[in-house]
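Visitor: I would like a close look at one part of this structure, the salt bridges. Please take me through them and then place them among the surrounding elements.

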Amino acid sequence: MKTFDAIIIGSGQGGTPLAKKLAESGYKTALIERRWVGGTCVNDGCTPTKAMVASAKMAFTISNSDALGIHVQRLTVDISKIISRQQDMVTSFRDGSEKKLTSTDKLDLIYGEASFIDRKKLLIKKNTGGSEEITSDLIFIDTGTIPSVPRIDGIEAVPYLTSTSILQLRELPEHLLIIGGGYVGMEFAQMYRRFGSKVTMIVRSNRLSAKEDEDISLEIHKLFREEDIDIRLNAETLKINKNSDNINVVVKVDNKNETISCSHILIATGRKPATETLNLPATAVSTNDKGFIKVDKKLQTDVNGIYALGDVNGGPAFTHISYHDHLIIFNNLVHGKNETTDGRLVPYCMYIDPQLGRVGITEGEAKARGLNFQIAKLPMSHVARAIETGDTRGLMKVVVDKGSKRILGAAILGAEGGEIMSIIEVAMMGDLTYDKIRDAIFAHPTYAESLNNLFAAVGV
């Protein structure tokens, strides 16, 4: 049995840098990966989908170029080329990451499936055949999540797509029906509508992006309807069956049943932890009712020396949070710090178009906490840069504490929303009061300059 100073299971955006840094710090380290280096982000998430979003954005820009005096006679979409472009990008990112790992001293990259024998021992079934047992007093689980498929009558009898398999689809759906109204569902809905597919969304809640404030959700709904995306709210999928021509989906909408025929179905109802093959019962590591691994604020499980980072621990499911998880673990372990997940900001950007950049708390959360706060809003139609570029869709919104003048949260739904949000996040990190942003000098004409007017509206 091989003994290592540290073992990382999964080469996602937390496990990969952790493995490299530990090895460079002198730890004899094993990184176990059963599929490809890079995790969901590089292989099935951020990299391929945002590459496709860029293609969809280009299609939208060309389709709406008349207003800017640019006339295009005919637009065609080459879905096979779009898929090839994103796959080439994925391969480049993946290979680059693998090369860095394999060239790191004291680091063994092992391709195979890991399962626990007991608390500190693992059985590795190698992809090349055979198996081996390894052990360490430090084990880090970074296995991430996989698409969750709901129990729907008839679903196993139809060739449904997930957020993973749709990335390989080299045909353009005539009619794509999406079950789910979260980030994944919305990004693919807008993307494929712009590619030319008819798109229908089946959403269980009473509004899109239900975790956001209602005004933000309604604005997103408006944007989607303007692009002729069919949205069925308060909807439940009851049954699916396939005939020779189409897939038929029975849906209950506002207590009335209807049948929708489509050519393709995308399941976008969330993700579940990828822990089924780990044999966690052999470790005494506990999970919550959804199967996510329980961790404390330093990301350690119930078992001393076993940690879980990234999506598998049930925290915010974002690449940048997984990366930050590895920093907490590494800084505490190697540098003797006392870092925790308490109080960290959780920024995110949803890559619909225009983007939704979010950080901090919403107005709804501020109300629920009983805070003394103020709201400021600015429609993008009042932003000079947006007017000049011809895209005035969306709005900016901030939540500010009345007493301290500290910025509590922001939602930027507009062109470059993620970048504008990041400026506000930096201000929050530095404890800048909102009036500092209101009176700051930003270059003209930039989107950032609009923050002057946004924060001038606080309390108005």
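Guide: Searching the whole structure, which is a predicted model, gives 26 salt bridges. A few of them are described here one by one.

One of these joins the side chains of R34 and E113, with an N to O distance of 3.4 Å. R34 sits in the loop between β3 (29-33) and α2 (39-43), while E113 belongs to strand β4 (residues 107-118), so that this pair links distant parts of the chain, 79 residues apart. R34 has a relative accessibility of 42% and therefore counts as partly exposed. E113, at 28%, also falls in the partly exposed class, which runs from 20% to 50%.

A second salt bridge is formed by the side chains of D342 and K297, at 3.7 Å from N to O. D342 is in the loop between α7 (319-335) and β18 (348-350), and K297 is in the loop between β16 (271-273) and β17 (306-308); the pair therefore ties together parts that are 45 residues apart in sequence. K297 is partly exposed, because its relative accessible area is 44%.

In a third, R344 and D325 meet through their side chains at 2.9 Å, N to O. R344 lies in the loop between α7 and β18 and D325 in helix α7, with their positions 19 residues apart in the numbering. D325 has a relative accessible area of 1%, so D325 is buried.

Beyond single pairs, K57, R194, E227, D353, D391 and R393 are joined into one network by salt bridges that share partners.

Next come the strands. Strands β3, β4 and β17, named above, are part of an open sheet of eight strands with mixed pairing, in the order β1-β6-β5-β4-β3-β2-β7-β17. At the edges stand β1 (2-3) and β17; each has a single partner strand, so one side of each has no neighbour in the sheet. Within the sheet, strand β2 (residues 6-9) pairs with strand β7 (residues 139-141) in the parallel sense over three bridges. I8 stands opposite F140 of β7.

Last is a helix, α6. The 13 residues of α6 (residues 214-226) should span 18 Å at 1.5 Å a residue, and the C-alpha atoms at its ends are 18 Å apart, which agrees. Buried residues in α6 are D215, I216, S217, E219, I220, L223 and F224. After α6 comes D228, which has a positive phi near 65°. E227, for its part, is a member of the salt-bridge network already described.

Definitions and conventions
Residues are numbered from 1 along each chain as its sequence is written. This is a predicted model: local features need pLDDT of at least 70, side-chain atom pairs count only at pLDDT 80 or more; totals for chains, interfaces and linings use all residues. Side-chain values use heavy atoms; hydrogens and water are left out. Helices (H or I, at least four residues) and strands (E, at least two) are DSSP runs, numbered from the N terminus. The expected span of a helix is 1.5 Å times one less than its number of residues. Buried means under 20% relative accessible area, exposed over 50%, partly exposed in between (1.4 Å probe, protein chains only). A salt bridge is a side-chain nitrogen of Lys or Arg within 4 Å of a carboxyl oxygen of Asp or Glu. Two strands pair if DSSP finds at least two bridges between them.
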